[in-house]
Amino acid sequence: MNVEDPKVVDVAIVGFGPTGATLASLLGREGLTTVVVEREPEIHTLPRAVHFDHEVMRTFQALGLARKILPITGPVRGYEFRNARGQLLMSIDVQGQIASQGWRPDYMFHQPSLERVLRDDAVGRDSVSVRLGRELVGLDEDDRGVTLTLRDVGDGRTRTLRARYVVGCDGAASPTREIAGLEIEDLAFDEPWLVVDATVEGSVAELSLPEMPLQLCDPQRPTTFIPVAGPYIRWEFMLLPGEGEEMKDRVRELVAAWVDPDAIRVIRSAVYRFHALVGERWRTRRVLLAGDAVHQMPPFLGQGMCAGMRDAANLAWKLALVLRGESDALLDTYQQERAPHVRQVIGIAVEMGRIICTLDPQVAAARDAQMIDGAGQPGGGGAMRLPGLQQGFLAPEPRHPLTGSLAVQAQVRGVDGSEALLDDHVGPGFALLWNGPPAPLSEKARLALARLGARQVSILAAGSAVENLPGSADVVVEDVEGSYERWFHTNEAAAVLVRPDFAVYGATTEAKEMSAMLEALVYRLASD
Ligand SMILES: Cc1cc2nc3c(=O)[nH]c(=O)nc-3n(C[C@H](O)[C@H](O)[C@H](O)COP(=O)(O)OP(=O)(O)OC[C@H]3O[C@@H](n4cnc5c(N)ncnc54)[C@H](O)[C@@H]3O)c2cc1C
């Protein structure tokens, strides 16, 4: 058997889908030697995901990819739910809004185009190499690392690769999960839907198609319509009892209720089973799972791929710290943090699915009456609020209310006078944000920051002269829109330690309390 790479690499990633590609880029940014093995020779040409949110865009920004990705997205104005008679059941308006992570709440996109950008970025990182046409067929784990057995899908020959850690990002059927013997729990949601992707010439408005995503809650045929981005549009038609794969041949008939079938070009139609599943264990000692390999959800919130991106963002910095010598118990916090989060998101998606997938006309009528009453209520706007982290690598009790939430990102002005989002001034990694000038830190606290590679950021009130500030901050910025002042003030925070995945590790009400929090963090790192 040949050896794929004579060296022991830090991380082997199985699967080069959106989760694997994002993780590879994040690990490459950390300088970790990373090999990605992918069974298919080319990118999957058929889109599945069409939506991602502002937190995911912030991860793309951290990789320096926001400018490349923006042109392949379309902003979302809002969403509507209507019943079979066209009555409005619910509407969400996000037009013109900027969400807490500094970007628009939602983006629509064409998945193969996004994967192209992500893959190119990963391939371009010095410490990342990619092997296409290699299929994982075996894993052999010991105390020091994992030996992967890979089969070349071209000539059938097998090779081995040795890595300190393996991350299975190999999708719903995950061979990594199977081989490692990690179980996945079925959350009892299983509905077959026909997904139809098409392109239009000109605009959707010219074809009298809806200009924003529409959930048609028609008990005779629950349907989703999505104007994706550029020329791409999508329908998702729920299959009724007794219907199956043959429905792929009835696309013309199904879309005829919406548009002249000759006015569009159907790219593909495929039947998917919309599932809800979560891994029971996300890790053996050295093999971890991420993305669809460890959770799947019905796409009613457009959050499946986003969850995989959150896994990658959560895992990358932990792997980097562990591979640089911190205790590998830190990797246990990956499942502790991500599993409850993804379960809550799945719960919301399933609840949404049960509303949408109603086939009983009487139940649908009762639902409609209830929702029509609520449709006029205020509060239907804004970005979807997802839960924060509840446990894991977070400051211990008693906790500041910001602990586990996502740190806001807003526009600030740097010492060079340029205005940009905060992360563009600070760079990736841990950041200690001070409301004003930094307070002096103890020697131990400063060592803790050095161990994390954290930067101290002084955020000064709007109108302050950032150029002239002396002191110990690595970065000084002016809060030009007052966003940070509001955030610090509302949450009674003087200083906030933000992790590389934007989650707040902890915060203090008084600046002088920060030393104690950082000193305690060192003990956590050693013992976790
Ligand atoms: C109809 C539909 C609509 C959706 N809409 C949305 C949405 O709007 N927003 C959203 O966030 N999510 C959405 N999703 C979910 C989203 O598509 C998935 O969560 C996402 O694509 C999963 O990415 P992944 O990288 O984890 O897995 P995958 O994309 O499945 O990638 C896995 C990769 O692993 C490779 N692989 C498999 N086995 C091996 C092996 N043995 N060796 C080597 N390589 C291997 C595969 O070839 C593949 O490239 C939707 C899903 C569907 C079906």
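How do the residues of the shell around the ligand divide into nonpolar, polar and charged? They divide into 15 nonpolar, 12 polar and 7 charged. Nonpolar here covers Ala, Val, Leu, Ile, Met, Phe, Trp, Tyr, Cys and Pro; Asp, Glu, Lys and Arg count as charged, and the others, Gly among them, as polar. The model is predicted: local features need pLDDT of at least 70, side-chain atom pairs count only at pLDDT 80 or more, and totals for chains, interfaces and linings use all residues. Residues are numbered from 1 along each chain as its sequence is written.

**Ligand shell**
- Of the 34 residues around the ligand (C-beta atom, placed from the backbone, within 6 Å of it), Gly15, Gly17, Gly171, Gly291 and Gly304 come nearest.
- At least two shell residues each come from α1 (18-29), β2 (34-38), β3 (51-53), β9 (134-141) and α7 (304-323).
- Helix α7 gives the largest share, 4 residues.
- Helices (H or I, at least four residues) and strands (E, at least two) are DSSP runs, numbered from the N terminus.

**Helix α2**
- In α2 (residues 54-62), 9 of 9 residues are buried, meaning 20 or more other C-beta atoms within 10 Å of a residue's own, with exposed at 12 or fewer, partly exposed in between, and C-beta atoms placed from the backbone.
- Among them are His54, Arg58 and Phe60.
- Glycine 64, just after α2, has a positive phi of about 75°.

**Strand β15**
- β15 (residues 232-238) has 6 of 7 residues buried, so the rest of the structure largely encloses it.
- β12 (residues 184-200) pairs antiparallel with β15 over 7 bridges; pairing takes at least two DSSP bridges.
- Valine 196 faces tryptophan 235 in β15.
- β14 (residues 223-227) runs antiparallel to β15, joined by 5 bridges.
- Threonine 224 stands opposite glutamate 236.
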